[in-house]
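Please look over the chain shown here before reading on. The report is meant to be read beside the sequence and the coordinates.

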Amino acid sequence: QPFSFANFEILYMLAEWKIFHFNGGLKLGHYGFLSSDWTSPVFTLFIAVKGSLYTFLGDHFMISVPIEIPIGIYTQNMQKFFNLIAGLEVTFDPTGPIINPVSTSAFFALGFEYSFLDLETKEGFVRQIHYYKPYFKFTLLY
């Protein structure tokens, strides 16, 4: 089972074309993993390259495709770690416009996240795991 104690991310708009926009940035944090056949949990402190490609549909909708590749800078009880996180998110702003929202806007988002994990513990257990996680997100601007 995956768990995380803390994450901090910074994203900047790096490119803007007629239809598509691209954000890029970094993420710092912690990922840990538990399994009943391991003697102790494995975890990593990581830095990740993060980006998202997104577009706007009218005044009320935005579609985003985020991607993240964490790189372990400190690992505990782990010999090999590779993780790829991607997904799709549809965001709705009922008041609009979503491109330049007013300060009292509320966003509603539906999405899913896909995570591929390939790790090997110090005891030699190898795991290749595919996680699919649907989610609902509410954002309030103030």
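The sections below go from the overall fold to strand pairing, aromatic pairs, two individual residues and the largest pocket.

## Overall architecture

This is a predicted model, and the secondary structure of the protein chain comes to 0 helices and 8 strands. Read from the N terminus, the elements accordingly follow the order β-β-β-β-β-β-β-β. The C-alpha trace spans about 55 × 25 × 25 Å along its principal axes.

Of the 142 residues in the protein chain, 33% are buried. When contacts with a separation of 6 or more are considered, 53% of them are accounted for by residues 24 or more positions apart.

## Strand pairing around strand 3

Strand 3, which covers residues 20–33, takes part in three antiparallel pairings described here: with strand 1, with strand 2 and with strand 4. The pairing with strand 1 (residues 2–3) rests on 2 bridges, and within it Phe-3 stands opposite Gly-32 of strand 3. Strand 2 (residues 7–16) is joined to strand 3 by 9 bridges, with Glu-9 placed opposite Lys-27, and these two strands form a hairpin with 3 residues between them.

Strand 4 (residues 42–57) runs antiparallel to strand 3 over 14 bridges, and in this pairing His-30 of the one strand stands opposite Leu-45 of the other. As a general point, the side chains of a regular strand alternate between the two faces of the sheet.

## Aromatic pairs

A pair of aromatic rings is described by the distance of the centres and the angle of the planes. The count for this model comes to 10 aromatic pairs. In one of them, the ring centres of Tyr-31 and Phe-46 lie 4.4 Å apart with the planes at 15 degrees, so the pair is stacked. Tyr-31 belongs to strand 3 and Phe-46 to strand 4, so that the pair links distant parts of the chain, 15 residues apart. Both Tyr-31 and Phe-46 are buried.

How are the rings of Phe-108 and Phe-138 arranged, stacked or tilted? Their centres are 5.3 Å apart and their planes stand at 45 degrees, so this pair is tilted. Because Phe-108 lies in strand 7 (residues 106–121) and Phe-138 in strand 8 (residues 126–140), the pair ties together parts that are 30 residues apart in sequence. Phe-108 is partly exposed at 31% relative accessibility, and Phe-138 is also partly exposed, with a relative accessible area of 48%. Ring pairs further link Phe-108, Phe-136 and Phe-138 into a cluster.

## Thr-91 in strand 6

Thr-91 is located in strand 6, which covers residues 78–92. With a relative accessible area of 4%, Thr-91 counts as buried, because buried means under 20% relative accessible area. The side chain of Thr-91 is joined to that of Glu-89 by a polar contact of 3.3 Å.

Not counting residues up to four places away in sequence, Thr-91 touches His-60, Phe-61, Met-62, Ile-98, Phe-107, Phe-108 and Ala-109. Among these residues is Phe-108, which is also a member of the ring cluster with Phe-136 and Phe-138.

## Phe-3 in strand 1

Phe-3 lies in strand 1 and, at 24% relative accessibility, is partly exposed. Once neighbours within four places in sequence are left aside, Phe-3 is in contact with His-30, Tyr-31, Gly-32, Phe-33 and Leu-34. That set includes Gly-32, the residue that stands opposite Phe-3 in strand 3. Phe-3 and Val-49, 46 residues apart in sequence, are separated in space by 19 Å, taken from C-alpha to C-alpha.

## The largest pocket

Rolling a probe the size of a water molecule over the atoms shows where empty space is left. In this model the largest pocket has a volume of about 990 Å³. Its lining is made by 40 residues, of which Lys-50, Pro-66, Glu-113, Tyr-135 and Lys-137 lie nearest its centre.

The elements that contribute two or more residues to the lining of the largest pocket are strand 1, strand 2, strand 3, strand 4, strand 5 (61–76), strand 6, strand 7 and strand 8.

How values were computed. Residues are numbered from 1 along each chain as its sequence is written. This is a predicted model: local features need pLDDT of at least 70, side-chain atom pairs count only at pLDDT 80 or more; totals for chains, interfaces and linings use all residues. Side-chain values use heavy atoms; hydrogens and water are left out. Helices (H or I, at least four residues) and strands (E, at least two) are DSSP runs, numbered from the N terminus. Buried means under 20% relative accessible area, exposed over 50%, partly exposed in between (1.4 Å probe, protein chains only). A polar contact is a pair of N or O atoms within 3.5 Å; within protein, one must be able to donate a hydrogen and the other to accept it, and residues adjacent in sequence count only if both atoms are side-chain atoms. Contact means heavy atoms within 4.5 Å. Two strands pair if DSSP finds at least two bridges between them. Rings of Phe, Tyr and Trp (its six-membered ring) pair if their centres lie within 6.5 Å; planes under 30 degrees apart count as stacked, over 60 as edge-to-face and the rest as tilted. On a 1 Å grid over the protein atoms alone, a cavity is a set of points where a 1.4 Å probe fits but cannot get out, and a pocket is an open set with protein on both sides within 12 Å along at least five of seven lines; lining residues have an atom within 4 Å of a point. Grid points are joined across faces, edges and corners, and a volume is the space filled by probe spheres set on the points.
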